[in-house]
Amino acid sequence: MKKKIGVIFGGQSSEHKVSLVSATSVLNNIDTEKYEVVKIGITNDGKWFVYNGEIDYIENGNWIKDEKNLISHGERILFNREIDVVFPVLHGLYGEDGTIQGVCKLAEIPCVGCDVLASAVCMDKVYTKYVLENFNINQASYVVVHKDEYKDRENEILQEIEEKLSYPVFIKPANSGSSVGISKGKNKDDVKLGLIEAFKHDRKILVEKGLNAREIEVSVLGNRKAIASVPGEVVPCKEFYDYEAKYEDDSSELLIPAGLTENEMEEIKLLAIRIYKLLDCEGMARVDFLVDKDNGEVYLNEVNTLPGFTSISMYPKLWAASGIEYSELISRLIELAEEK
Ligand code: ATP
Ligand code: MG
Ligand code: MG
Ligand code: MG
């Protein structure tokens, strides 16, 4: 009998739309000779549906209007043990942060990707720093700003940022993805505005020293025995890789392989695997680095446990360039979830 895979899409995060695109690719490429697919959609306000309609209606959001093909209380399918493996093709809040992984765990259904702890630690950019700085992983210097404290100590905090980091800085909601709520600050006023914007998305903000750096990304696959892909490089079409440069303007470039020497590539691959293991990642993650343009110093930027997954996204493209094509990659991820 075919294994039943619950592919979950949508969700309550600011990356809902990105998830619809990623999930459409997964649904169009999953090996249907091997797997029976159950499509599970989560609306922006958190309602779960089993969706029996056309895949084509997912990407544009019209699946939710396709009422005759919707079965409400889609979450029941998990607790009724009606599926064998969950593939959460969700990004950001309630998808990438350990919450859905926890639901699957309670329902005793294997879930593709990282478990609760690794998901939560990687989603929270501040906690990623806290964990990895114990292992001397090079990361940009930073200041953490909490909304409640900022209200009372605004000037002091702005001063600390200026003195500790100098400009430019990057202002990031601790739990962010797809660059939502992220801005670059070149002076105190920018930082003030950037914090106001970031506080719309999170109560905890990471302000980081801005580096003049190349962006190098490595795909890692596996449980304890993980492998790394050839590194790729992002060349944003804008001043930094913001939401628009990622999804709305197609002039950003992805270079595969990255423009590094063989030695540099091997080093960065080993570093990616080391970080993956330190964070207890399983299944997959895209480990992103910043490499200083002047002196080649390598910094970890962040770890994405459910990276963009369209067939033209970096994670699957790096695997394609390393010999694992898209639908094979999906099958491997499902097998890794069952092995955990
Ligand atoms: P993703 O969509 O990959 O999950 P994200 O929303 O988690 O991204 P980051 O990768 O942390 O956000 O930052 C978004 C972009 O901002 C980076 O791709 C890079 O272009 C720029 N950036 C972030 N931090 C720095 C930094 N310290 N120095 C220079 N550029 C930075
Ligand atoms: Mg990220
Ligand atoms: Mg992300
Ligand atoms: Mg990023």
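**Exercise 1. The shell around ligand 1**

From which domains does the shell around ligand 1 draw at least three residues each?

*Solution.* The model is a predicted one. Start with the domains: domain 2 (123-138 + 211-339) and domain 3 (142-209) each give at least three residues to the shell around ligand 1. Next, go down to single elements. The strands β7 (169-173), β9 (204-209), β14 (283-292) and β15 (298-304) each contribute at least two residues to this shell. Then sort the shell residues by character: nine are charged, seven are polar and six are nonpolar. Last, pick out individual residues. There are 22 residues around ligand 1, and those that come nearest are K125, S179, E215, K246 and N304.

**Exercise 2. Polar atoms beside ligand 1**

Find protein atoms that lie close to oxygen or nitrogen atoms of ligand 1, and state how much of the ligand the protein buries.

*Solution.* The cut-off for a polar contact is a pair of N or O atoms within 3.5 Å. Take the oxygen atoms of the ligand to begin with. A backbone N or O atom of S179 is 2.6 Å from an oxygen atom of ligand 1. For K246, a polar side-chain atom is 2.7 Å from an oxygen atom of ligand 1. Now take a nitrogen atom of ligand 1: a polar side-chain atom of E208 lies 2.8 Å from it. Finally, consider the surface. Ligand 1 taken alone exposes 620 Å², and the protein buries 94% of that.

**Exercise 3. The largest nonpolar core**

Which residues of the largest nonpolar core touch the most other members? Which element gives the most to this core?

*Solution.* The largest nonpolar core has 33 residues, and the ones that touch the most other members are I275, L279, C281, V287, F289, L300 and V303. Now list the elements. Two or more residues of this core come from each of α5 (116-123), β10 (213-222), α10 (262-278), β14, β15 and α11 (314-321). The count then settles the second part: α10 gives the most, with six residues. As background, nonpolar side chains in soluble globular proteins tend to be buried together. Two of the listed strands, β14 and β15, also appear in Exercise 1, where β14 and β15 each supply at least two residues of the shell around ligand 1.

**Exercise 4. A107**

Is A107 buried or exposed?

*Solution.* First place the residue: A107 belongs to the loop between α4 (99-106) and α5. Then apply the cut-off, by which buried means under 20% relative accessible area. A107 has a relative accessible area of 0%, so A107 is buried. Its relation to R76 can be added: the two residues are 31 apart in sequence, and their C-alpha atoms are 9.7 Å apart in space.

**Exercise 5. Backbone exceptions**

Locate cis peptide bonds and residues other than glycine with positive phi.

*Solution.* Begin with the general rule: most peptide bonds are trans, and most residues other than glycine have a negative phi. The bond from Y167 to P168 is cis, with omega near 0 degrees, and P168 sits in the loop between α7 (147-165) and β7. Another cis bond joins I256 and P257, with omega about -5 degrees; P257 is in the loop between β13 (253-255) and α10.

Turn to phi. H73 has a positive phi, near 55 degrees, and lies in the loop between β4 (70-72) and α3 (76-79). Y94 has a positive phi too, near 60 degrees, and lies in the loop between β5 (85-88) and α4. For accessibility, H73 is at 41% and therefore counts as partly exposed. Y94 is at 41% and likewise counts as partly exposed.

Technical notes. Residues numbered from 1 in each chain as written. Chains lettered and ligands numbered in written order. Predicted model: local features only at pLDDT ≥ 70, side-chain atom pairs only at ≥ 80, totals over all residues. Heavy atoms only, no water. Near = heavy atom within 4 Å. Polar contact = N/O pair within 3.5 Å; in protein donor to acceptor, adjacent residues only side chain to side chain. Areas by Shrake-Rupley, 256 points an atom, 1.4 Å probe, with all protein chains shown as cover. Helix = DSSP H or I, 4+ residues; strand = E, 2+ residues; numbered from the N terminus. Nonpolar A, V, L, I, M, F, W, Y, C, P; charged D, E, K, R; others polar. Domains from an automatic or database assignment. Core = buried A, V, L, I, M, F, W, Y, C linked by side-chain atoms within 4.5 Å. Buried < 20%, exposed > 50% of the residue type's maximum accessible area, 1.4 Å probe, protein only.
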